[in-house]
Amino acid sequence: MESITLTAATKAEKYQELLPQIEALFQVESLWLPNLANCVAVLKEAFQWYWVGFYLVQDEQLVLGPFQGPLACTRIPFSKGVCGAAYTTQQTQLVPDVNQFPGHIACSASSQSEVVVPVFYQGKVAMVLDVDSEHLAHYDAEDVVGLEQIMALVEKYVAPSYINR
Ligand code: SME
């Protein structure tokens, strides 16, 4: 596949249009790194968010993985920020105003709202997806559903090869 097709009018439809295309990418490549890289490229192209990237569990912390957007913090302790909260609670974090989130890590002052989705391998968080917007309350329940569906594909096709790298 050399490009993705995006014809959907609504956000929910866009997620449904992306899902089989992302699955097709994962089915033809077995390496975790190119798959995560293309996953964030597709999300950036589809939604034009400010920052989209993975933080990978390594050395008892979250370490920056493939991303699209400005320079970001490279290491995040499990106890810190929205990414740390997603790791610790094992639940998706939907944060409409990051300035109101205790312990938020401002890698960039431009980020105003974000979603962080944990990705599991054998019941443990293997990585998190972090999406950030310069607009307040940019994300809603449709993003949570859509991103969790995409992360279910990452769990199935990509997380095992990351953990067993
Ligand atoms: N805001 C995140 C840190 C990562 S970046 O914004 C790219 C957090 O609080 O976990």
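Which residue's backbone oxygen lies 3.0 Å from a polar atom of the side chain of Q93? Hold that thought for a moment, everyone.

First, some housekeeping. This is a predicted model, where local features need pLDDT of at least 70, side-chain atom pairs count only at pLDDT 80 or more, and totals for chains, interfaces and linings use all residues. Residues are numbered from 1 along each chain as its sequence is written, and side-chain values use heavy atoms, with hydrogens and water left out.

Back to the opening question: the partner is Q91, whose backbone oxygen sits 3.0 Å from that polar side-chain atom of Q93. That is a polar contact, a pair of N or O atoms within 3.5 Å; within protein, one must be able to donate a hydrogen and the other to accept it, and residues adjacent in sequence count only if both atoms are side-chain atoms. Q93 belongs to strand β4, residues 93–95. Strands (E, at least two residues) and helices (H or I, at least four) are DSSP runs numbered from the N terminus. Q93 counts as buried because its relative accessible area is 15%, and buried means under 20%, with exposed over 50% and partly exposed in between (1.4 Å probe, protein chains only).

Now to the ligand. Residues around the ligand have a heavy atom within 4 Å of it, and among them are W51, Y55, C83, H104, E114 and D132. Let me walk you through the polar contacts. One nitrogen atom of the ligand is 2.9 Å from an N or O atom in the side chain of E114. A polar side-chain atom of H104 is 3.2 Å from a nitrogen atom of the ligand. From the backbone, a polar atom of V82 lies 3.0 Å from a ligand oxygen. On its own the ligand has 310 Å² of accessible area, and the protein covers 98% of that; these areas come from the Shrake-Rupley method with a 1.4 Å probe.

Where does the shell come from? Two or more residues each come from β1 (51–58), α3 (81–89) and β6 (124–133), and α3 gives the most, with 3 residues.

Let's finish with two strand residues. D132, from that ligand shell, is found in β6 and is buried, because its relative accessible area is 6%. In space, D132 and L31 are 26 Å apart, C-alpha to C-alpha, with their positions 101 residues apart in sequence. L56 is in β1 and is also buried, at 5% relative accessible area. The C-alpha atoms of L56 and Y162 are 8.8 Å apart, although the two residues are 106 residues apart along the chain.
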